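Dear colleague,

I am handing over the structure below, together with some notes on what was found in it. Please read the notes with the coordinates open beside you.

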Amino acid sequence: MHEMGEWMVSYRYMTMDMENLLKGSDSVAPTMMATGFMPNMLPTEMTMDMHMFGTMYAFSNKWTLMGMLNYLDNEMSMPMGKMDSSGLGDIKVAGLYDLAQWNDGRRMHLKLGLNLPTGSIDEKHNGNILGYGMQLGSGTYDFEPAITYLAQTENYSYGAQLGGILRIGENDQDYTLGNKFEAALWGARKITDSLSASAKFDYSSQSEIDGIDERLQMRRVMMDSPTFDPNSQGRDITTFGLGLNYYFQNGGLSGHRLAAEWEIPIDQKVNGVQLELDSVWTLGWQYAW
């Protein structure tokens, strides 16, 4: 949340690495007997890099508007070779509404967001349609509500958030990505007047795809792969993260903020057969005026 008339711009870079196969919560060998899929069509590793450009503006003390533009770069390896996709992802717009503030530094706000289907769901490699996870968007308008609680003292801050993604209808390939529930709990401690360290727990649960992309179903007839399987999408995952945040208070960079965060999974269960999340790194910059 921001005070009336305040602007903020931001950039975040996130890189996510995945490797090794899971079936449910169990590691499995990359064989047809273990997975039910052709071994040469099983993914061995995947990297997703995301560039997120954001802006926020408070047109009142109660309402802050925000927008985010994403650019994705995906690469997946299989025994038969590597494939990639890159381009504009889905655009997100939202309004943040101040629900309550207390004199002791606690506050609560509501987010009402909408995902706009600007990301492609027609990405191909060598003329063949890529799997669901290599596409750049959902193809649907998605409602993204959340409620956030935040408390701040002189040396500490902590908070919690509950939210989700609710898909609206089907995309033009007759499928819908699974709905998603998200929860987060975090805390931070001031080290100096400019530097703080944080820790957090995140939980998310996303269901399988509803419907099917007939282009991928045709590919499954000859080369079955979990990347083409709508039931091998979505997962339940809990992660733990550590972060550092530096705020410039003086000089030419006054008002700028830099942050870095590292996350690892502490529990995950995939739908069907999928790659296991290994780690996530996020680097960020913000400037408000």
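The notes that follow deal with two surface patches and then with one residue in a strand.

Please keep in mind throughout that this is a predicted model.

The surface carries a nonpolar patch made up of Val93, Leu112, Leu114, Tyr141, Phe143, Leu166 and Ile168, which together have about 570 Å² of accessible area. Two or more residues of this nonpolar patch come from each of strand S7 (106–116), strand S10 (141–152) and S11. One of the patch residues is Tyr141, which lies in strand S10 and has a relative accessible area of 47%, so that Tyr141 counts as partly exposed, the range for that class being between 20% and 50%.

A negative patch is also present on the surface, and Glu170, Asp172, Asp174, Asp210 and Glu214 form it. Among them, Asp172 is placed in the loop that runs between strand S11 (156–168) and strand S12 (175–176); with a relative accessible area of 60%, Asp172 is exposed, because the limit for that class is over 50%.

The remaining residue is Ser77, which belongs to strand S4 (residues 63–78). Its relative accessibility is 8%, and Ser77 is therefore counted as buried, a class that takes in values under 20%. If neighbours within four places in sequence are set aside, the residues in contact with Ser77 are Leu42, Pro43, Thr44, Glu45 and Lys82.

With kind regards

Technical notes
Residues are numbered from 1 along each chain as its sequence is written. This is a predicted model: local features need pLDDT of at least 70, side-chain atom pairs count only at pLDDT 80 or more; totals for chains, interfaces and linings use all residues. Side-chain values use heavy atoms; hydrogens and water are left out. Helices (H or I, at least four residues) and strands (E, at least two) are DSSP runs, numbered from the N terminus. Buried means under 20% relative accessible area, exposed over 50%, partly exposed in between (1.4 Å probe, protein chains only). Contact means heavy atoms within 4.5 Å. Patches are made of residues with over 30% relative accessible area and no salt bridge: like charges are joined within 9 Å, nonpolar side chains (Val, Leu, Ile, Met, Phe, Trp, Tyr) within 5 Å. Accessible areas come from the Shrake-Rupley method with a 1.4 Å probe; for residues, only the protein chains shown count as cover. A salt bridge is a side-chain nitrogen of Lys or Arg within 4 Å of a carboxyl oxygen of Asp or Glu. Lys and Arg count as positive and Asp and Glu as negative; His and the chain ends are not counted. The place of a charge is taken as NZ of Lys, CZ of Arg, CG of Asp or CD of Glu.
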